[in-house]
Amino acid sequence: MSDLAIHHVGIVVSDLEEAVAFYRDTLGLSVADEFTLSPDGIGTAIGVEGVTGDFVHLEGNGARVELIEYDPTGSDSRADTINGLGAKHVGFAVEDIQEFYEKLPDDAEPLSSPQPVETGTSIVFFRDPDGNFLEVVEA
């Protein structure tokens, strides 16, 4: 078996343009690639007949986030709470979490202000415009 490496984290969004703006402007990620996949490719791969996908890959400090807008859109499966079974989040690191927190836009929906934790760092969880959970750690 070949060596396994993480390539990206994928997030399904309802409005690709809005999501790209949020991840670019709020998190400082840059657009690395944009493409559309057809029903013959992505539809077959994910087992959803007739679906197309518009994709944008964003990068920041070696991490890649893949934003996907599918047509047609599937049912909503967002978790209401971060501790719900199946809940997911993407974690990012910053040097100054308070500065980052103060610059969060209104549509970021923080779950709390930055909180110190037992590991000696501070964290803050918030939501993107589609309600996906994101975390920032002071590192």
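Which residue forms a salt bridge with Arg64? Select Arg64 and look for its partner: Glu59 forms the salt bridge, and the closest N and O atoms are 2.3 Å apart. This is a predicted model, so every stop on this tour shows a computed position.

**Stop 1: Glu59 and Arg64**

Stay with this pair and turn on the surface. Glu59 is partly exposed because its relative accessibility is 33%, between the limits for buried and exposed. Arg64 also counts as partly exposed, with a relative accessible area of 21%. Buried means under 20%, so Arg64 at 21% falls in the partly exposed class. In general, side chains of opposite charge can pair when their charged atoms come close.

**Stop 2: two further salt bridges**

The structure holds 4 salt bridges. Another one to select is that of Asp25 and Arg24, whose side chains meet with 2.9 Å from N to O. Asp25 is exposed, at 54% relative accessibility, while Arg24 is partly exposed, at 37%.

Next, select Asp76 and Arg78. These two form a salt bridge, with the closest N and O atoms 2.5 Å apart. Asp76 has a relative accessible area of 54%, which is over 50% and therefore exposed. Arg78 has 42% and counts as partly exposed.

**Stop 3: a patch of negative charge**

Now select Asp15, Glu17, Glu18, Asp106, Asp107 and Glu109 together. These residues gather in a patch of negative charge on the surface.

Where along the chain is Asp15 found? Asp15 is in the loop between strand 1, residues 9-12, and helix 1, residues 16-27. Its relative accessibility is 34%, so Asp15 counts as partly exposed.

**Stop 4: aromatic rings**

Hide the charged side chains and show the rings. How many aromatic pairs does a search of the whole structure find? The search finds 4. One of them is Phe22 with Tyr23: the ring centres are 5.6 Å apart and the planes stand at 70°, so this pair is edge-to-face. Phe22 and Tyr23 are both buried.

Move on to Phe35 and Phe55. Are the rings of this pair stacked or edge-to-face? Their centres lie 5.1 Å apart and their planes are at 5°, so the pair is stacked. Planes under 30 degrees apart count as stacked. This pair links distant parts of the chain: Phe35 sits in strand 2, residues 30-37, and Phe55 in strand 3, residues 52-60, with their positions 20 residues apart in the numbering.

Colour the two residues by accessibility. Phe35 is partly exposed, with a relative accessible area of 27%, whereas Phe55 is buried, at 5% relative accessibility. Add Tyr70 to the selection: ring pairs link Phe35, Phe55 and Tyr70 into a cluster.

**Stop 5: Pro116**

Finally, select Pro116. This residue lies in strand 6, which covers residues 115-116. Is Pro116 buried or exposed? Its relative accessibility is 64%, so Pro116 counts as exposed.

To end the tour, add Gly84 and show the C-alpha atoms. Pro116 and Gly84 are 32 residues apart along the chain, and their C-alpha atoms are separated by 22 Å.

Technical notes. Residues are numbered from 1 along each chain as its sequence is written. This is a predicted model: local features need pLDDT of at least 70, side-chain atom pairs count only at pLDDT 80 or more; totals for chains, interfaces and linings use all residues. Side-chain values use heavy atoms; hydrogens and water are left out. Buried means under 20% relative accessible area, exposed over 50%, partly exposed in between (1.4 Å probe, protein chains only). Patches are made of residues with over 30% relative accessible area and no salt bridge: like charges are joined within 9 Å, nonpolar side chains (Val, Leu, Ile, Met, Phe, Trp, Tyr) within 5 Å. Accessible areas come from the Shrake-Rupley method with a 1.4 Å probe; for residues, only the protein chains shown count as cover. Lys and Arg count as positive and Asp and Glu as negative; His and the chain ends are not counted. The place of a charge is taken as NZ of Lys, CZ of Arg, CG of Asp or CD of Glu. Helices (H or I, at least four residues) and strands (E, at least two) are DSSP runs, numbered from the N terminus. Rings of Phe, Tyr and Trp (its six-membered ring) pair if their centres lie within 6.5 Å; planes under 30 degrees apart count as stacked, over 60 as edge-to-face and the rest as tilted.
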